[in-house]
Amino acid sequence: MVDTKILIFDSTSYIHIFSNRHSPFFLSWQLRSLMGSPEIERDEPVTPAGRLFLRPEMDQVINCVIGAENPFDVDALKKEITNSMMLKHPRFCSLMVRDRHGREYWRKTEIDIDRHIIILNDSLDGDNDEDAVNGYLADLSVSSPLSTDKPLWEIHLLTAHKCAVVRIHHALGDGISLMSLLLACFRRSDCPDQLPTMGSSSQPKPRNSRRRNRLRELLNIAWFTLVFVVEFILRSLWVKDRKTTISGGAGVELWPRKLTTAKFLLDDMKTVKNAIPNGTINDVLFGVISAGLSRYLDHRAPNKLREGIQMTGVAMVNLRKQPGLQEMAELMQSKAGSRWGNKFGMLLLPVYYHKGLVGPLDYIKKAKTMIDRKKQSLEAYFSYKIGYFVMNFLGSKIACVLNYRIVCNTTFTISNVLGPGEEITIVGNPVTYIRANSTALPHAITMHMVSYAGRADLQILVAKDIIPDPKFLAKCFEEALLEMKEAAAEATSRS
């Protein structure tokens with residue numbers, strides 16, 4: 001019999017060569033089964049950013065806790081999730097698999113909703129609901145990776161504390177994408193048939209100003225990009241912050257954690273913002289961080305730090321053309337400008353220690369000067385592109401080493417995600433708060449702020465052996481904002 005060979009492509013695009021000297025029927029059966037079967041869904045490669053977050057050293061899970069006014073109706077919640085846009089998205093219906101070379105792929109699978117909804121009926125340890133839930137989230141941040149035998153998401157219902165913890169692997173998307181998808185399951189309290197409003201944090205610049213100063217603007221972009229990119233590269237190699245009582249380092253991501261919440265009113269932040277020409281909420285946030293950390297360091301190590309010492313934060317910046325929460329239909333369109341997934345750059349944002357030598361609003365003015373210079377640079381786009389290049393040409397291991405070194409050489413992580421401006425419900429249950437944090441990093445302190453219905457909650461995750469009193473740290477941030485609000489009111493009354 002003539003030796004016959006046929007190429008058959010499987011779902012991971014590997015080529016198998018079948019040779020059969022004994023049974024032509026076997027070959028014809030293979031052809032018929034392939035030609036007559038439905039179209040085979042090929043495994044989809046994980047994006048470079050997703051592969052980075054799947055590295056053991058950077059294994060990142062986003063934990064979003066949603067508080068409710070009443071206990072959840074479990075059956076109604078399961079039905080809502082089953083019919084939601086979340087389960088129509090392929091990432092949430094796919095297993096993460098690896099080929100024989102260790103390359104990651106997404107493979108479609110059937111969803112068993114009961115494996116993704118974890119119900120805890122017992123009360124957790126804590127003086128109150130907030131402490132109990134924060135303690136639970138702190139434990140999740142270091143000890144509970146997501147299982148890879150199911151799609152990389154799950155929901156923990158803490159029935160005794162009337163909240164749900166949504167755990168989603170960062171490989172599935174960034175904070176903007178995941179918040180947009182999550183909010184598609186909610187409805188407005190005042191209009192139950194409508195989705196929450198997807199706000200925008202962008203502030204358009206005057207066109208005339210841009211035209212008149214175009215040359216100067218281009219020179220500033222070139223200069224600040226050069227300066228900040230060089231600093232970024234040096235941070236990935238050997239340059240690091242001076243050690244303080246809040247510094248982390250290699251291996252700290254494995255240390256036990258504590259989590260607490262600093263609570264702000266957006267009206268207070270807007271009052272302070274309006275006292276600073278062209279100020280923004282992010283300017284206020286970084287001013288609060290600088291003032292709060294200075295207060296805390298004075299408490300922990302009085303008279304031991306040099307005035308003006310730098311503490312560098314790592315901030316994730318949305319690179320979508322329309323900053324803010326995106327409509328789900330837009331994010332899921334293959335040709336849309338705002339594509340689903342991880343599309344963010346990294347910025348190094350320094351704050352400075354000051355021992356009562358500046359007024360409350362001076363912290364914000366210094367923060368604004370720094371942030372405005374960062375906005376005039378291409379640092380965030382550079383970090384995104386260089387990360388993409390390294391992942392594609394040098395591999396995820398090298399990219400992970402560089403990112404890990406940047407985190408080890410800086411002091412804290414911070415993010416700010418814009419949530420819905422109005423009150424919302426899920427399966428008819430009013431939502432009382434939305435908060436987020438992530439898996440622990442080598443930083444001893446990571447901070448994630450989410451705004452909702454006129455409030456902004458900053459989740460502060462700390463290595464408890466380095467920062468044993470995170471509640472005092474949260475109080476430092478809250479008092480700093482209140483002092484800034486009083487200073488802003490005085491400045492307004494004088495003018």
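Hi everyone, this is a quick walk through a sheet, two helices that pack on it, and a patch on the surface. Keep in mind that we're looking at a predicted model.

Let's start with the sheet. It's an open one with seven strands, in the order E7-E8-E9-E4-E16-E15-E10, and the pairing is mixed. At the edges you'll find E7, residues 117-120, and E10, residues 187-188; each has a single partner strand, so one side of each has no neighbour in the sheet.

Now look at E4 and E16. As a reminder, strands in a sheet pair through backbone hydrogen bonds, either parallel or antiparallel. E4, residues 61-68, and E16, residues 429-438, run antiparallel and are joined by seven bridges. For instance, Ala68 has Val431 in E16 as its bridge partner.

Next, the helices. H5, residues 129-143, packs on the sheet and touches E4, E7, E8, E9 and E16, with its direction at about 20° to that of E9. H6 packs on the sheet too, touching E4, E9, E15 and E16, and its direction makes about 35° with that of E4.

So why do we call H6 largely enclosed by the rest of the structure? Because eight of its nine residues, 175-183, are buried. Among them are Ile176, Met179 and Leu183.

Last stop, the surface. Ile386, Phe389, Phe393, Leu394 and Ile398 make up a nonpolar patch there, with about 490 Å² of accessible area together. Helix H13, residues 379-393, gives the most to the patch, three residues. Phe389 sits in H13, and with a relative accessible area of 43%, Phe389 counts as partly exposed.

That's my tour, thanks!

Terms used. Residues numbered from 1 in each chain as written. Predicted model: local features only at pLDDT ≥ 70, side-chain atom pairs only at ≥ 80, totals over all residues. Heavy atoms only, no water. Patch = residues over 30% accessible without salt bridge, like charges linked within 9 Å, V, L, I, M, F, W, Y side chains within 5 Å. Areas by Shrake-Rupley, 256 points an atom, 1.4 Å probe, with all protein chains shown as cover. Salt bridge = Lys/Arg side-chain N within 4 Å of Asp/Glu carboxyl O. Helix = DSSP H or I, 4+ residues; strand = E, 2+ residues; numbered from the N terminus. Buried < 20%, exposed > 50% of the residue type's maximum accessible area, 1.4 Å probe, protein only. Pairing = 2+ DSSP bridges. Contact = heavy atoms within 4.5 Å. Axes fitted to C-alpha atoms, helices over the stretch in contact; angles between N-to-C directions.
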